[in-house]
Amino acid sequence: MNATTRLALSFATTLVCSGAAFAQPVPGTPSPPRVQVQGGVEYLNGGAGEEERAAIVAQSADLPLRIVFSVAGGAYVVADHVDVASSGAKVLSLDNAGPLLAIKVPPGDYTIDVTVAGKSERRPIKVGRQAVVLNWRLPEEAKR
């Protein structure tokens, strides 16, 4: 093997190894949110930090029901519990929901029940073919 070939192989090996190193997550940083499934319903839940919120928004194109939980001042918060129902049947039941929750449901009428700080609120929502974003303002006591 001549010097040029050895140099080219060395360079190629360095590129492969450095590429693998760059692909590794930074220790201590959370992994990007993954689509989860409950009872056949796909959803994304989370968004505690800016990067996680951006990842959820980027991945939620196929999840037409999107709920954003915040308080009046605009601070994002997490709901203690969320139930999503259609025709009286629960579709999704989730603890510690948000601040962003994106759910893959077929078009239809749904009822969303949210519990935070021991208080519950209910809202109806109609999901069509286009994504629906529900900006849910929770009481100030939700901010803990």
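Strands β4 and β7 run antiparallel and are joined by five bridges. On its way through this predicted model, β7 also pairs with β8, again antiparallel, through nine bridges. Let's start with these strands and then step into the nonpolar core.

**Strand β7 and its partners**
- Aspartate 113 in β7 is the bridge partner of aspartate 83.
- Aspartate 109 stands opposite lysine 126, which belongs to β8.
- A hairpin links β7 and β8, with two residues between the strands.
- In that turn, alanine 117 has a positive phi of about 50°.

**Two faces of β7**
- Side chains alternate along β7, and the buried face holds Gly108, Tyr110, Ile112, Val114 and Val116.
- Asp109, Thr111, Asp113 and Thr115 point to the other face and are not buried.

**The nonpolar core**
- In soluble globular proteins, nonpolar side chains tend to be buried together.
- The largest nonpolar core here has 27 residues.
- The members that touch the most others are Leu65, Phe69, Val82, Val84, Leu101, Ile103 and Ile112.
- At least two residues of this core come from each of β2, β3, β4, β5, β6, β7, β8 and β9.
- Another core lies apart from it and has six residues, including Leu44, Leu63, Val68 and Ala102.

**A look at leucine 65**
- Setting aside neighbours within four places in sequence, leucine 65 is in contact with Val84, Leu101, Ala102, Ile103, Val105, Ile112, Ile125, Val127 and Val132.
- One of these contacts, Ile112, sits on the buried face of β7.

Conventions
Residues numbered from 1 in each chain as written. Predicted model: local features only at pLDDT ≥ 70, side-chain atom pairs only at ≥ 80, totals over all residues. Heavy atoms only, no water. Core = buried A, V, L, I, M, F, W, Y, C linked by side-chain atoms within 4.5 Å. Buried < 20%, exposed > 50% of the residue type's maximum accessible area, 1.4 Å probe, protein only. Helix = DSSP H or I, 4+ residues; strand = E, 2+ residues; numbered from the N terminus. Contact = heavy atoms within 4.5 Å. Pairing = 2+ DSSP bridges.
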